[in-house]
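Here is a short note to read with the model open beside you. Take the points in order and look up each residue as you go.

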Amino acid sequence: MNRIQNLIARLPEDVDGALITSTVNRYYLTGMRSTAGHLLVTREGAYAIFDFRYIEAARKTVKGCEVILQDKLEEQLGELVKKHGIRRLALEITYQTVGEMNRFREMLPEVEILTDDRVDSAIQELRKIKDSSELEAIRKAQSITDKSFSEILEFIKVGMTERQIAAELEYRMKKNGADGLAFATICVAGPNSSMPHGVPGDRPVQAGDFLTMDFGAAFAGYCSDMTRTVAIGHVTEEMEKVYNLVLQAQLASIAKIAPGVPCVAVDAAARDMIYGAGYEGCFGHGTGHSLGIEIHEEPRFSAISKADCEAGIVMSVEPGIYLSGRFGCRIEDIVVITENGCEDLTHSPKELIIL
């Protein structure tokens, strides 16, 4: 059963079809990467409508549905809706704007456009568990990320700016085979490293700095994600203590991961250790998140998560400690949950590196 058929099987009884327009879900369901297109899923089958820019590639790539050249979209959708007797049509509320929703209501005045989250949730459930081809892409993306990290260590020198290091890291990922970046690279040093999502700037790296790099390659439409904090020249006793605490917290969380374990418990394994060591309030984000086609997917390792670990989900594990205006430290791997625990897909060293 292909992914479109899986979605058809999950359509709620009172929903006649779904209109998929988001880049990520369109790619997941059809295998076609494009910035535009419409996928109409009905109970009898599906139609992928692409304009001239993508039609040739779509005819070669898309499986499991009829590929149509977009001409007059309003008329084409109207004919298909009429052909399949669609009275209630679901949209992707997670990705749809109000303007787009109104546009489809004007296009299809005889159809009730649904704005509940049931079809959205069905697609998210399908995307949550990665199949072998998805895991292969993520493994490759992470291997590119690992290789680029090993190379950037030889490049970093005192006096280079955060922006220069980030640019070189991005270049290395693309040189090593990445299709692009999984997300905007974070590269922050010294007092800037206390900002978990700080933006690389023109501050030169100095001896005594912690340098935190959060980065990831994209490959075949899938993301990797990794963070390493390295020291420049030397560290203080407190910096070394913080680093080792973050590392032990990360290892404790990874050891906790297994099918059926509540995600909140994985978060607590790291959070309790960090807070118990006197750093309460210095770890203000979740311990991890799922990733795949998007860099942030569900579920998440957080203090408010209601989900459990399931085999086949890929998760980040990324505790940190951030001392405002002084320094910060984060260590992040990605893991795939297995039947008995998890497999760490990140192979870069985690012991404190002093350059």
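**Notes on the predicted model**

1. Let's begin with a small open sheet: its 3 strands come in the order β7-β10-β11, and the pairing is antiparallel. β7 (180-181) and β11 (222-223) stand at the edges with a single partner strand each, so each has one side without a neighbour in the sheet. Strands here (E, at least two residues) and helices (H or I, at least four residues) are DSSP runs, numbered from the N terminus. Two strands count as paired if DSSP finds at least two bridges between them.

2. A word on where the values come from. This is a predicted model, in which local features need pLDDT of at least 70 and side-chain atom pairs count only at pLDDT 80 or more, while totals for chains, interfaces and linings use all residues. Residues are numbered from 1 along each chain as its sequence is written, and side-chain values use heavy atoms, with hydrogens and water left out.

3. Stay with the small sheet for a moment. Strand β10 (residues 217-219) pairs with β11 in the antiparallel sense over 2 bridges, and A218 stands opposite C223 in β11. In the loop between β10 and β11 you will find A220. A220 has a positive phi of about 55° although it is not a glycine. For background, most residues other than glycine have a negative phi, and most peptide bonds are trans. With a relative accessibility of 24%, A220 counts as partly exposed; the scale calls a residue buried under 20% relative accessible area, exposed over 50% and partly exposed in between (1.4 Å probe, protein chains only).

4. Now step back to the whole protein chain. It contains 10 helices and 19 strands. Why does a radius of gyration of 23 Å agree with a compact globule? Because a compact globule of 355 residues would have a value near 20 Å, and the 23 Å of the protein chain agrees with that. The radius is taken over C-alpha atoms, and the globule rule is 2.2 Å times the number of residues to the power 0.38. Along its principal axes, the C-alpha trace spans about 70 × 40 × 35 Å.

5. How much of the protein chain is buried? Buried residues make up 55% of the 355 residues. Of the contacts (heavy atoms within 4.5 Å) between residues at least 6 apart in sequence, 66% join residues at least 24 apart.

6. Strand β12 (residues 226-231) is a good place to look at burial, as 6 of its 6 residues are buried. As a general rule, in a regular strand the side chains alternate between the two faces of the sheet. In β12, M226, R228 and V230 are on one side and T227, T229 and A231 on the other, and all are buried. Strand β9 (residues 210-215) pairs with β12 in the antiparallel sense over 6 bridges, with R228 in β12 as the bridge partner of M213.

7. A hairpin comes next. β16 and β17 form it with 3 residues between them, and G325 in the turn has a positive phi of about 75°. The two strands, β16 (residues 320-323) and β17 (residues 327-330), run antiparallel and are joined by 4 bridges. The bridge partner of G320 is R330 in β17. From β16, G320 and Y322 point one way and I321 and L323 the other way, and all are buried.

8. Here is a peptide bond worth finding: the one from E298 to P299 is cis, with omega near 10°. P299 lies in strand β14 (residues 297-301).

9. Compare two helix residues. Is E168 buried or exposed? E168 is buried, with a relative accessible area of 16%; it lies in helix α8 (residues 162-175). Not counting residues up to four places away in sequence, E168 touches I152 and F155. S132, in helix α7 (residues 132-155), is exposed at 61%. The C-alpha atoms of S132 and G312 are 9.2 Å apart, although 180 residues separate them along the chain.

10. Finish with G64, in the loop between α3 (52-61) and β4 (66-69). G64 has 44% relative accessibility and counts as partly exposed. Leaving aside neighbours within four places in sequence, G64 is in contact with N2 and I4.
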